[in-house]
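Got your viewer open and a selection box ready? Let's take a walk through this one, stop by stop.

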Amino acid sequence: MTLYLDYAASTPVDPQVAEAMDRVLRSDLLQANPAARHARGRAARACVEAARLDVARLIGAAGEEIIWTSGATESNNLAVIGAARFRAGRGRHLVTCVTEHPSVTAAFRHLATQGFAVTWLEPGIDGILPPEQVAAALRPDTTVVSVMHVNNETGVVQDVAAIGALCRSRGVLFHVDAVQAAGRERIDAREQGIDLLSLSAHKMYGPKGVGALYVSMDTARRVEPLLFGGGQERGMRPGTVATHQVVGMGVAARLAGEHLTADSAGIRLLRDELWTRLGDLPGVLLNGHPTRRACHILNVSVIGVEGESLLYGLRDLAVSAGSACASGDGEPSAVLRCLGRSDELARSSVRFSLGRGNTLADVDCAADRFSAAVAHLRRLSPATPG
Ligand SMILES: *Cc1c(COP(=O)(O)O)cnc(C)c1O
């Protein structure tokens, strides 16, 4: 059995989520289109709206500020492209950070081909983007800033409240990809000055294929739709709402809120114990800020070890590696390159991400296998750790 330490890539569905989804799928009453005006439509709609409230509560929003999507890739595209287009009459300058998720960076790259100017900010080698750097990038024609809350590769936490306050004061829309923060860091969209915020159910023990975008009720903060059809979701996201999916996301959000403190404290302890073990090995470097990281992620690079071989040595662990990024193109992680790591060190990186299912025994096992794999590879190659 491979040991699962890849919670940042996807989390297992919580049994309570599965039960709630199963109830919807098996209920005669709830099969109607939630937009339908008859009694059965109303019943389905009641479930959808209850779930909306649960998601809203997790991020300090109101129910009507939540738009259902197919996942955070869509939420990020809708937020970035939709907001830039909605505000194009006022300006065409956008600001984001090079370490954002591909669903954000690719959306900005697309806009750059459509007559928008994009400023790409680079964080420091600890992964932190100082708010002053965002301030310095703002121009009179800046309309949208997008900075993620918790980085999916390193776990680094950005000061979204400071950036939000700054954007507010300059009348700039602020979008936050909060996928990795949900259930791990406190989120309060209103208090943190966030206008648009993306969530994904399957990163917080919900089902794959459903996400949400928070769009502040202020009409000046709308987004142009990317899809065209019916008037669902305040006209910003047409299509029949998938009742069972959003009900699953609602339960996941409720559990994320309930478990926030205990979950993150417990997982942080395990994660720190893992680093205590790995950090003792020669030539193992921590990627990202030493303390300003969310509870669940530990990203390390190993000096003098080849990435592919390391991954092979760790084949009994379900982890992510810098040499095997999502696209599988073998390119070293852009996020780690930006933190000043060489191609080689970026390729020899391993991301451990922990979750509710992990125990101290898992940490022991992972640390043992990791040290055995590194020791083995070092014996094979004479390169000495520096
Ligand atoms: C997983 C992830 C996404 C994409 O979410 P999907 O629902 O899988 O499309 C976006 N941003 C971050 C930070 C992620 O970790």
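Is Y205 buried, partly exposed or exposed? Select Y205 and show a surface: Y205 is buried, because its relative accessible area is 7%, and under 20% counts as buried. Keep in mind that this is a predicted model. Y205 belongs to the loop between β7 (196-200) and β8. Now check its backbone: phi is positive, about 70°, although Y205 is not a glycine.

Another residue for your Ramachandran plot is R234. R234 also isn't a glycine, and its phi is positive at about 55°. You'll find R234 in the loop between β8 and α7. With a relative accessibility of 27%, R234 counts as partly exposed.

Stay in that loop and click G239, which sits between β8 (211-215) and α7 (243-279). G239 is partly exposed, at 29% relative accessible area. Try the distance tool here: pick the C-alpha atoms of G239 and G288, and you should get 40 Å for two residues 49 apart along the chain.

**The ligand**

Next, select the ligand and expand to its surroundings. How many residues surround the ligand? There are 14, and the closest are T73, D177, Q180, S200 and K203. Show those as sticks and look at the oxygens of the ligand. A polar side-chain atom of T73 is 2.6 Å from one ligand oxygen atom. S200 brings a polar side-chain atom to 2.7 Å from an oxygen atom of the ligand, and for K203 the distance from a polar side-chain atom to a ligand oxygen is 2.7 Å. On its own the ligand has 380 Å² of accessible area, and the protein covers 88% of that. If you run a pocket search, look in the second largest pocket: that is where the ligand sits.

Which element gives the most to the shell around the ligand? Colour helix α3 (residues 72-86): it supplies three residues to that shell, the top contribution.

**Helix α4**

From α3, move to helix α4 (residues 102-112), whose buried residues are S103, V104, T105, A107, F108 and L111. Hold the spacing of those numbers against a general rule: an α-helix has 3.6 residues a turn, so residues three or four places apart point the same way. Then show what lies over the buried residues of α4: the cover includes α3, β3 (93-97), β4 (117-121), β5 (142-146) and β6 (173-177).

**The loop between β9 and β10**

Two stops remain, and they share a loop. Select N287, in the loop between β9 (284-286) and β10 (297-302). N287 is buried, with a relative accessible area of 1%. Its side chain makes a polar contact with the side chain of R341, at 2.6 Å. Leaving out residues up to four places away in sequence, N287 touches a list of residues that includes T154, R293, N299, L336 and S349.

Finish at H289, in the loop between β9 and β10. H289 counts as buried at 16% relative accessibility. What does H289 contact beyond its neighbours within four places in sequence? Light up D126, I128 and V156. For a polar atom of the H289 side chain, look to the backbone nitrogen of R292, 2.8 Å away. One last distance to draw: from the C-alpha of H289 to that of L317 is 24 Å, with their positions 28 residues apart in sequence.

Note on methods
Residues numbered from 1 in each chain as written. Predicted model: local features only at pLDDT ≥ 70, side-chain atom pairs only at ≥ 80, totals over all residues. Heavy atoms only, no water. Helix = DSSP H or I, 4+ residues; strand = E, 2+ residues; numbered from the N terminus. Buried < 20%, exposed > 50% of the residue type's maximum accessible area, 1.4 Å probe, protein only. Polar contact = N/O pair within 3.5 Å; in protein donor to acceptor, adjacent residues only side chain to side chain. Contact = heavy atoms within 4.5 Å. Near = heavy atom within 4 Å. Areas by Shrake-Rupley, 256 points an atom, 1.4 Å probe, with all protein chains shown as cover. 1 Å grid on protein atoms, 1.4 Å probe; cavity = no way out; pocket = protein on both sides within 12 Å on 5 of 7 lines; lining within 4 Å. Sits in = over half its atoms within 2 Å of the grid points.
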